[in-house]
Amino acid sequence: MADEALSAGAVARRLGVAVTTLRTWHQRYGLGPSEHVPGHHRRYTPADLARLEIMRRLTAEGVSPAEAARWARQAPDPMPAATETIARSRTRPPARDGGGTIPVGRAGPAARGLARAAMRLDAAAINETIAHAMAAGGVVATWEGLLRPVLAGIGERHAATAGLIEVEHLVSRCVSEAFAAASRAHATTGPARILLSCADEEQHTLPLEALAAGLAEAGVSYRMLGARVPVAALVEAVTRTGPAAVVLWSHTRATADPTQLGALLAAPRRPLLVLAAGPGWRADALPAGVVRPVDLAEALSLAVAVRDSLDQSRGK
């Protein structure tokens with residue numbers, strides 16, 4: 001743990017709780033920041049953070065907030081063993097957070113905090129963490145550094161245990177709402193140059209929603225068709241709207257049929273660029289002329305380049 005004092009937002013992200021929860025713990029139980037510099041907000045010291053970690057662990061185990069706060073205040077150097085002893089001393093069974101943790105690899109404190117909030121099904125903390133990341137770093141950085149590691153960790157745990165379905169649903173909902181809000185905040189009025197679609201029978205839409213939010217943030221108009229778009233409907237949409245680029249998302253090999261891409265290339269109003277996005281597509285099976293971006297940043301860069309090229313050709 002670093003020795004520097006931390007803001008309330010930084011502590012909330014580390015613990016995976018909402019800032020409003022920290023305020024409540026401060027006002028009701030005296031577990032607030034202790035470092036004070038005149039003219040500045042109070043900040044949390046490592047000792048403050050350690051006490052709050054005990055508070056979080058005990059309340060997650062079913063201990064009442066008042067009793068958890070009493071233990072936290074009495075523990076100058078809290079250790080995991082102490083919290084386990086306290087939890088075992090309870091006469092009623094603890095409320096579990098789903099069992100275990102969500103692995104996030106080398107992702108930073110914000111991702112670990114988000115993973116803990118996800119295991120507690122704490123929608124307020126999830127939303128707050130995502131909103132802070134979006135405001136601080138934008139869509140691409142939030143997706144790559146925060147959301148994708150946590151979503152991948154949930155998928156890994158589900159594959160191993162067949163559990164965490166409720167966690168995945170809640171986190172997905174929060175992520176989808178955050179991207180929708182970002183898209184609305186940066187909505188543009190120009191012609192929709194980019195068409196976003198899932199492959200036929202593909203239901204995983206979050207990466208495509210991330211791209212939509214990134215396009216909106218970059219000032220690029222788009223149309224989103226969403227999940228499970230039959231190839232005939234996709235070609236009809238291309239024919240009717242004439243997009244400059246089409247992004248076709250496939251999450252699994254089962255939905256990555258290259259004939260869908262071939263149909264786009266043969267459409268009466270063939271787009272300038274066809275992107276096969278997602279891990280479902282095999283690079284060696286793509287039709288000539290189709291581009292497979294390696295990540296969200298590259299897909300966004302290619303779409304912006306198409307927009308800029310069109311603007312230049314039309315003298316804008």
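How many bridges pair β4 with strand β5, and in which sense do the two strands run? They pair over 2 bridges, in the parallel sense. Strand β5 covers residues 290-291. Within this pairing, Val 274 faces Val 290 in β5. The model is a predicted one.

## Overall make-up and confidence

The protein chain has 316 residues, and 45% of them count as buried. Its secondary structure comes to 12 helices and 5 strands. Contacts reach far along the sequence. Among those with a separation of 6 or more, 69% are between residues 24 or more positions apart.

Mean pLDDT for the protein chain is 86. A value of 70 or more is reached by 87% of its residues. Confidence varies by element. Strand β3 has the highest mean pLDDT, at 97, whereas helix α5 (residues 80-88) has the lowest, at 43. Over residues 78-98 the pLDDT stays under 50. For that stretch the model has 24 contacts beyond four places in sequence.

## The sheet

The 5 strands build an open sheet with parallel pairing. Their order is β2-β1-β3-β4-β5. The edge positions belong to β2 and β5; each has a single partner strand, so one side of each lacks a neighbour in the sheet.

Strands β1 and β3 run parallel and are joined by 5 bridges. Here Ser 197 lies opposite Leu 248 in β3. Helix α10 packs on the sheet and touches β1, β2 and β3. The direction of α10 makes about 170° with that of β1. Helix α12 (residues 296-313) also packs on the sheet, in touch with β1, β3, β4 and β5. Its direction makes about 170° with that of β4.

## Strand β4 and its surroundings

Is strand β4 mostly covered or mostly uncovered? It is mostly covered: 5 of its 5 residues, 273-277, are buried. The side chains split between two directions. Leu 273, Leu 275 and Ala 277 point one way, while Val 274 and Ala 276 point the other way. Residues of both sets are buried.

Strand β3 (residues 245-249) runs parallel to β4, with 5 bridges between them. Trp 249 stands opposite Ala 277 in β4. From β3 the chain passes through helix α11 (residues 258-265) to reach β4. This β-α-β crossover is right-handed.

## Helix α1

Helix α1 spans residues 8-15, and 6 of its 8 residues are buried, so the rest of the structure largely encloses it. The buried residues are Gly 9, Ala 10, Val 11, Ala 12, Arg 13 and Leu 15. Which helices help to cover them? The cover includes α2 (19-29), α3 (46-60), α6 (109-119) and α7 (123-161). Just after α1, Gly 16 adopts a positive phi of about 75°.

## Salt bridges

Side chains of opposite charge can pair when their charged atoms come close. The count for this model comes to 8 salt bridges. The table gives some of them.

| Pair | Closest N to O |
|---|---|
| Asp 122 and Arg 120 | 3.3 Å |
| Arg 228 and Glu 201 | 2.8 Å |
| Arg 307 and Asp 308 | 2.7 Å |

The pair of Arg 228 and Glu 201 links distant parts of the chain, 27 residues apart. Arg 228 sits in the loop between β2 (222-226) and α10 (231-241). Glu 201 sits in the loop between β1 (194-198) and α9 (206-217). Both ends are partly exposed: Arg 228 has a relative accessibility of 43%, and Glu 201 has 44%.

Is Arg 307 buried or exposed? Arg 307 counts as buried because its relative accessibility is 15%, under the 20% limit for that class. Its partner Asp 308 is partly exposed, with a relative accessible area of 31%. In the pair with Asp 122, Arg 120 counts as partly exposed at 23% relative accessibility.

Notes. Residues are numbered from 1 along each chain as its sequence is written. This is a predicted model: local features need pLDDT of at least 70, side-chain atom pairs count only at pLDDT 80 or more; totals for chains, interfaces and linings use all residues. Side-chain values use heavy atoms; hydrogens and water are left out. Buried means under 20% relative accessible area, exposed over 50%, partly exposed in between (1.4 Å probe, protein chains only). Helices (H or I, at least four residues) and strands (E, at least two) are DSSP runs, numbered from the N terminus. Two strands pair if DSSP finds at least two bridges between them. A crossover is right-handed if, with the strands pointing away from the viewer, the path from the first strand over the helix to the second runs clockwise. A salt bridge is a side-chain nitrogen of Lys or Arg within 4 Å of a carboxyl oxygen of Asp or Glu. pLDDT is the predictor's confidence in each residue, from 0 to 100. Contact means heavy atoms within 4.5 Å. Axes are lines fitted to C-alpha atoms, for helices over the stretch in contact, and angles run from 0 to 180 degrees between N-to-C directions.
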